[in-house]
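User: I would like to work through this structure by question and answer, with the reasoning set out before each result.

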Amino acid sequence: MSSFWIMLIGSLVASSCGILGCFLILRRMAMLGDAISHAILPGIVFAFLISGSRESFPMLVGATLVGLLSTIIIQWMKQNGVQADAALSVTFTALFALGVILISLYTRQIDLDLDCVLYGEIAYVQWDTWQLGDLNMGPRALWMVGGVFLLNLLIILLFFKQFKLTTFDPALAAAVGIPVAFFHYLLMGMVSLTTVASFESVGAILVVAMLIAPAATAYLWTDRFHLMLSLSILFGILSAIGGYLLAVPLDASIAGCMAMMAGILFLFSFLFAPRHGLVSKWWYQRKWYSKPQ
Amino acid sequence: MLKRYMWLLTLCIWLICLGCSSDSSIQNNQLQVTTTTGMIADIVRQVGGRHVEVTELMGPGVDPHLYKASSGDISKLEKADLIFYNGLHLEGKMTDILQQIGKKKPVIAVAEQIDKNKLIETGHHQYDPHIWFDIQLWKEAVQQVEQGLINVDPQHQDEYQKQAQQYLNQLQELDDYAKKQIELIPKDRRILITAHDAFGYFGRAYGIEVVGLQGLSTASEYGLKDVQRLVDFIVQKKIKAVFIESSVPKKSIEAVVNGAKAKNWQVQIGGELYSDALGGPESEADTYLKMFRSNVDTIVSSLK
């Protein structure tokens with residue numbers, strides 16, 4: 001049963017991240033996931049200082065709040081003229097540094113880092129079950145990432161037009177009366193919620209990879225936005241399942257293999273995608289130039 | 001358009017089926033025991049003897065703080081009849097998982113039952129988990145293992161008790177040996193400097209002052225001031241050697257050695273101590289007893 005849960009939960013994380021990744025790549029903010037994975041460090045320190053325990057729940061609350069805060073800061077800076085990549089890097093390094101300082105001031109004798117108090121491990125999802133009374137509701141991670149996935153899907157489907165327009169042409173969106181800033185903040189909030197929930201369920205590397213690779217791969221295959229969204233989900237699921245099947249014979253880290261599979265799919269597409277792939281580009285060019293003028 | 005991607009969908013489904021096909025496991029009548037650290041695995045081997053088959057999740061040289069699960073670890077936990085782990089948050093977030101598994105089969109934290117007054121408190125209700133460096137505490141862990149094995153497999157109770165007693169005697173001998181050896185170091189030189197603060201219990205048990213560069217966690221950063229302060233301390237106390245641990249990068253402690261050199265004091269790197277893991281099969285520290293003895297010998301020979 002464990003293999004089924006791992007592939008299912010991996011696929012759900014990949015799908016959530018794939019959808020959001022499409023928007024992030026088009027907005028040139030692909031590294032947001034990585035940024036959040038660092039920025040939440042002060043969140044867990046505050047949570048520990050306030051609650052005095054290293055239980056998962058306070059850690060998750062602290063991480064979520066600081067995750068949201070960091071995306072708000074990033075978006076706010078961006079809207080006030082700071083370059084997207086600069087806003088991102090400044091925010092996450094500053095927050096991460098704040099976390100390091102807090103640890104060295106208050107909790108240096110205690111083993112408190114993201115890896116050991118917040119990040120989950122996808123290999124063990126099947127054992128961390130959610131018990132409702134006497135009823136076994138299946139893995140807790142399934143509810144977390146499944147819930148987040150459905151929420152993302154719902155919001156994107158409801159406001160697809162608005163999201164699309166604010167992503168491609170914010171000026172036009174503003175001109176037709178769409179609250180552009182609201183949708184920017186909404187998207188950032190979704191990313192922050194998705195990443196933190198997924199970090200807690202399956203660990204950081206998988207989330208950071210899935211937020212970028214499947215969407216980037218899909219972008220190589222199509223120029224149509226709704227197709228890019230569906231393809232990024234598909235590539236995400238393929239990476240999750242393929243990565244798991246790779247991890248079993250290798251006896252290696254499952255999240256690592258899934259992330260690597262996403263990289264392999266990207267590389268393959270980078271070379272062989274029909275229009276944007278290197279090989280096909282070269283092929284078309286050759287055909288073009290060898291045509292008798 | 002759907003047709004074009006149909007083959008991908010088929011591939012997905014086929015891959016899922018492939019992944020779900022269950023692997024057959026070999027059953028024999030030995031008790032299957034899985035532990036987190038190698039030190040605990042060693043106890044189980046000694047106490048369980050021929051009746052148990054032991055696997056550990058964290059092999060030689062693996063720092064528990066940096067342990068990453070591999071896909072094979074799932075089946076190690078799945079097929080186990082009995083699981084032992086350290087506790088006191090040594091296993092980090094994996095503790096949640098182990099407690100969850102504990103609802104289905106016996107899972108025992110060998111360090112959690114120890115009287116909290118005997119532990120080193122590092123924060124409010126947070127305790128130093130490295131209890132294997134105090135042999136008296138480690139003996140309690142041995143008793144936990146003995147009791148755990150007997151509860152699951154009462155048939156071989158006599159044998160477990162006998163083997164546990166033998167092992168406890170060996171531990172006591174080791175403790176006596178360590179005390180005698182440490183006595184050889186002049187009192188004012190009983191200062192142990194390491195990169196990773198895992199030796200708190202060791203220092204307390206044998207009257208050695210332990211000075212660490214980092215905090216308790218391998219992952220936390222160390223401050224500039226830490227290095228500076230340590231260098232001053234070494235020069236002032238004329239300390240002869242500092243120690244590298246098998247599971248911590250050498251870089252941080254080498255920075256200290258170079259710092260002392262700049263102040264005209266030659267401090268040696270005193271050899272490798274084992275902290276969070278046993279050594280590999282080819283090393284001289286592949287069991288707890290050998291590991292501990294190797295640490296004592298390394299410390300005594302460089303500080304004496």
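User: What distance separates the centres of domain 1 and domain 2 of chain B?
Analyst: This is a predicted model, and its chain B is divided into domain 1, covering 31–178, and domain 2, covering 186–303. With the centres taken over C-alpha atoms, the separation between these two domains of chain B is 25 Å.

User: How do the residues of the side of domain 1 of chain B that touches domain 2 of chain B divide into nonpolar, polar and charged?
Analyst: The contact takes 26 residues from domain 1 of chain B and 25 residues from domain 2 of chain B. On the domain 1 side, α2 (38–48), α5 (135–152) and α6 (157–183) of chain B each supply at least two residues. By class, the residues of that side divide into 14 nonpolar, 8 polar and 4 charged.

User: Which helix gives the largest share of the largest nonpolar core?
Analyst: The largest nonpolar core holds 184 residues, of which A:Ile9, A:Ile44, A:Leu206 and A:Tyr244 touch the most other members. The core also draws at least three residues from each of domain 1 and domain 2 of chain B. Its largest share, 16 residues, comes from residues 204–221 of chain A, that is, helix α11.

User: Which residue in the hairpin of β1(A) and β2(A) takes a positive phi?
Analyst: Strand β1 (residues 129–132) and strand β2 (residues 135–139) of chain A pair in the antiparallel sense over 3 bridges, and A:Gln131 stands opposite A:Asn136 in β2(A). The hairpin has 2 residues between the strands, and the residue with a positive phi, near 65 degrees, is A:Gly133.

Definitions and conventions
Residues are numbered from 1 along each chain as its sequence is written. Chains are lettered from A and ligands numbered from 1 in the order in which they are written. This is a predicted model: local features need pLDDT of at least 70, side-chain atom pairs count only at pLDDT 80 or more; totals for chains, interfaces and linings use all residues. Two strands pair if DSSP finds at least two bridges between them. Helices (H or I, at least four residues) and strands (E, at least two) are DSSP runs, numbered from the N terminus. Domain bounds come from an automatic or database domain assignment. Two residues are in contact if their C-beta atoms, placed from the backbone, lie within 7 Å. Ala, Val, Leu, Ile, Met, Phe, Trp, Tyr, Cys and Pro count as nonpolar, Asp, Glu, Lys and Arg as charged, and the others, Gly among them, as polar. A nonpolar core is a set of buried Ala, Val, Leu, Ile, Met, Phe, Trp, Tyr and Cys residues joined through C-beta atoms within 7 Å. A residue is buried if 20 or more other C-beta atoms lie within 10 Å of its own, exposed if 12 or fewer, and partly exposed in between; C-beta atoms are placed from the backbone.
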